[in-house]
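Visitor: Could you take me through one part of this model in detail? I'd like a close look at chain B, both inside and where another chain meets it.

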Amino acid sequence: MKAEVKISRRVFLARSALACSGLAIGVAIPTAANATETGNIRSDEVNAWVVVRSDDTVLIRIARSEMGQGTLTGLAQLVAEELECDWSKIVTEFPTPGESAKRGRPWGAFGTFGSHGIRDSHEYVRKGGAIARELLVLAAAKRLRVHRGDCRANNGVIIHAPSGRRFRYGEVAEEAARLAQDIQPKEFNFDSLVLKSPADWKIIGKPLKRLDTGDKVNGKQVYGADVRLPDMLNASVRRCPVFGGRLKSYRSANVLQQRGIEKVVTIGDDAIAVVADTWWRANKALDNLDIQWDEGPNATQTSDAVDAMLREGLSSEDAVVGNRNGDPERMFDNTEQMLEAVYAYPHQTQAPMEPMNATVFYDGHRCEAWVPTQDGEKAFQEVVRASELPPAQCEVHKLIIGGGFGRRGHYDDDFLSQAVQIARQVPGRPVKLLWSREEDMTHSRYHPVMHCKLQAAISNQGQLQGLRMRLCGQSILAGARPQLYARFNHKDPFVFQGLNRGGDASIGYGIPSLLIDYVMRNSHVPPGFWRGVNINQNALFLECFMDELAEAAGKDPYRFRREHMHEHPNHRAVLDAVADRIGWDQSAPEDRYRGLAQAHAYGSYVAAACELSVSEGNRVKIHRIVAATDCGYAVNPAQIRRQVSGSFVFGLSALFMQACTVKGGRIEQHNFDTYPSMRMAQTPEVETIIMESRADTWGGVGEPTIAVAAPAVLNALYRATGKRYRDFPLSKHGLLLV
Amino acid sequence: MIRLTVNDKEYSLDVEPDTPLLWVLREQLSLTGTKYGCGKAQCGACTVQVDGIALRSCVFPIAAASGKKITTIEGLERSGKLHKIQRAWIEADAPQCGYCQSGMIMATVALLETTPSPSDADIDDQITNICRCGTFQEVRQAIHLAAADQD
Ligand code: FES
Ligand code: FES
């Protein structure tokens, strides 16, 4: 079983035609003439989702992006379930956004973020599989001149029950494809197709292996950074390190003399790129350009100044209310005990292992891009915009992505737009722009900074009477999606993720008086989506404070939480599951300390419990993590486990060692030496509990668990050290993860 | 001219002597299985074997590779058969995005050569690559599977 994830036939041809000298042998770059008005429909395409070849190979088209989270395999499972095909014969490919535009978006949205890959498309994807199956069965029935009702499909074979005659899918695929063209709606009403009941699923819910592993263990997988096209040039870019600054001057004469250097080009008014035969030469030459920047108005910005601005906002009047009930203005009037704490969350970057890149061909008539993107359609729009060519003359080819984490969702004025602008200055030759790691960390779209002041009133019986949470910080929506932000009346509803009254990211506690509001304070650092987005800081604030409250109330943090969860059985169930598994009611082994946390986001309920020890005052060893996930239908439990355990690496790297700090208007961390990430020795074993499926629910799994990693560990850390850490990363307090 | 052997093939190359081995592999020899992740010996995505020793090729100048035998991820397969570490990786379904995995596998080749049955502590000591997807749990399992494979 092999995933045939094609970049495009042309790249594969180009790749296999390459001699070891690195010289490309001429392979035609496609022109607009290759494309037709109706797109490229092949004769064995049963429908947009399914192509069945005569050898019974089933090609399933996947519109969403694969960046490691396993969506490609999960979506293929959904199609295959209804298609009743043989799982061992499946290969996949990404349709192109240009093809989608020509055909009227048969694959729906391409965007892959917010853990939406499966939860937003499960229904039409399964329908795609069901329709293809129906067409194949109909084609077989026609060939046999029998009733459709006497035929059934199973494991890639159609059987006529009365006669026992059978056809393999590959034998009737072309007929099915033709049928799809002439079929009359009254002859077969596709809308009335009934999808299989979960009780009958054979492929969904199975812990199947990923479809895309083979080429990832032998070096053959072509990532964006590896694309090689005939006659291709390479570019490396440097943008003014101070956000909002501009390019003042540079000297290119010397550089242009150097071996392999083709051209020095500017991009907009703030970046410069060297184009060369190899990337190494291009990147090295950047250091010899004697670049001078006009650093602009942000040149003196610091993280301290940003923090001061956010602190002011904690008591400002211009707040937007996210959740309220009871009488929060008067909740402290007669209270026995009041508690207050302020937490702060820093800027962070996603730092996927594959640095940003895009390869673009432009010749004045056609513009084509090969790009690892989480949003193929937005990338397509960007190519159209930046090339100033009609959509029919543009195309985008998606690739398997070497890590996304929100960084490769679309942002304006980012690496793809740069790549098109470079390509326009070397028309007729493809050029690959690859960012250095330094450029990646200097010009990311960062996890927003956020401060939070929490105040609570506790009764004599140790009950939470009221809670106020004031958030103050950066809005991703305002910074990265200004049009959407305007449509929300300049109020970013997503900052309340996990704190809402209901919906798919709700607060898990019933509190008599509640006020959660937000004051927007935007720094000059461009914000972006960072795996988990706003639930990360919100869960940290609330779940750490719940532990502080439990202590003030003189109660066990698990019991204290439960006392406030009567109306939130789903939140409570995951919390119970981790408490039970870690053995909360028995004491921890000697010198080990426990903590737990829960959250609800992306339609999934998640909880974590951890067990850690601290030696020499600052060396933190995490011995055990138990995590529970209730994502509704668990499409592939094996892949869910991997997403959950990986989430702790992402979340705890952030908690212990990662912050992007600002000095002189620029980000101070440029590579993994100053922006570290967890390694094998620091990574605890994660025991994952997948809760029993809730009917009719499809929650996300790629992101929610990250939110409970940090607070579970912080709560345990308090028990171990007696210290509440309220600003991050923990390395700034001298703590080391070992 | 710099002469070297990569995956049993001999090459003589005319490149600047300070070019890192990583970029020679990727750009001169089209062996793109070896990845660039940091360029500063931090992440291990570029790990290859030079005369049997695992090295981070992004900081290894080609001049120093002169006359040496280099093995990359593409050279692990022998007569169409995957290396037992690659098979173990498939068995454990280890990669997520996969970008760091060539480096992880090459680091494991070196580990198993010196320590055929590594303990968890050995693995912790010697596998120091970064994986942003967080596949360490599966990678550890894959290393144990490979060690147990007598083939
Ligand atoms: S690229 Fe060589 S160690 Fe990161
Ligand atoms: S699998 Fe993605 S970085 Fe390791």
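**A close look at chain B**

Guide: Taken over C-alpha atoms, the centres of domain 1 of chain B and domain 2 of chain B lie 21 Å apart. Domain 1 covers 2–74 and domain 2 covers 84–148, with bounds that come from an automatic or database domain assignment. Where the two touch, 16 residues of domain 1 of chain B and 13 residues of domain 2 of chain B take part, contact meaning heavy atoms within 4.5 Å.

Some ground rules before going on. This is a predicted model, in which local features need pLDDT of at least 70, side-chain atom pairs count only at pLDDT 80 or more, and totals for chains, interfaces and linings use all residues. Residues are numbered from 1 along each chain as its sequence is written, chains are lettered from A and ligands numbered from 1 in the order in which they are written, and side-chain values use heavy atoms, leaving out hydrogens and water.

Back to the two domains. Between them they bury about 1,100 Å², with 56% of it on carbon and sulfur atoms; buried area here is the accessible area (1.4 Å probe) that two parts lose on being put together, summed over both. The rule finds zero salt bridges across this interface, a salt bridge being a side-chain nitrogen of Lys or Arg within 4 Å of a carboxyl oxygen of Asp or Glu. There are, however, six residue pairs in polar contact between domain 1 of chain B and domain 2 of chain B, both residues at pLDDT 80 or more. A polar contact is a pair of N or O atoms within 3.5 Å; within protein, one must be able to donate a hydrogen and the other to accept it, and residues adjacent in sequence count only if both atoms are side-chain atoms.

On the side of domain 1 of chain B that touches domain 2 of chain B, the elements giving two or more residues are β3 (47–50) and β4 (53–56) of chain B. The largest share, three residues, comes from β3(B). Helices (H or I, at least four residues) and strands (E, at least two) are DSSP runs, numbered from the N terminus. By class, that side of domain 1 of chain B has six nonpolar, eight polar and two charged residues. Ala, Val, Leu, Ile, Met, Phe, Trp, Tyr, Cys and Pro count as nonpolar, Asp, Glu, Lys and Arg as charged, and the others, Gly among them, as polar.

Now for the other chain. Here 57 residues of chain B are in contact with 67 residues of chain A, and the area buried between the chains is about 5,100 Å², of which carbon and sulfur atoms give 51%. Asp93(B), Gln96(B) and Arg132(B) supply 17% of the area that chain B buries against chain A, more than any other three residues.

Chain B and chain A share nine salt bridges. Arg26(B) forms a salt bridge with Asp226(A), with their closest N and O atoms 2.8 Å apart. The two chains also have 36 residue pairs in polar contact, again with both residues at pLDDT 80 or more. Elements that each supply at least two residues to the side of chain B that touches chain A include β2 (9–13), α1 (21–28) and α5 (136–148) of chain B. That side divides into 25 nonpolar, 16 polar and 16 charged residues.

One backbone detail to finish: Ser30(B), in the loop between α1 and β3 of chain B, has a positive phi near 60° despite not being glycine.
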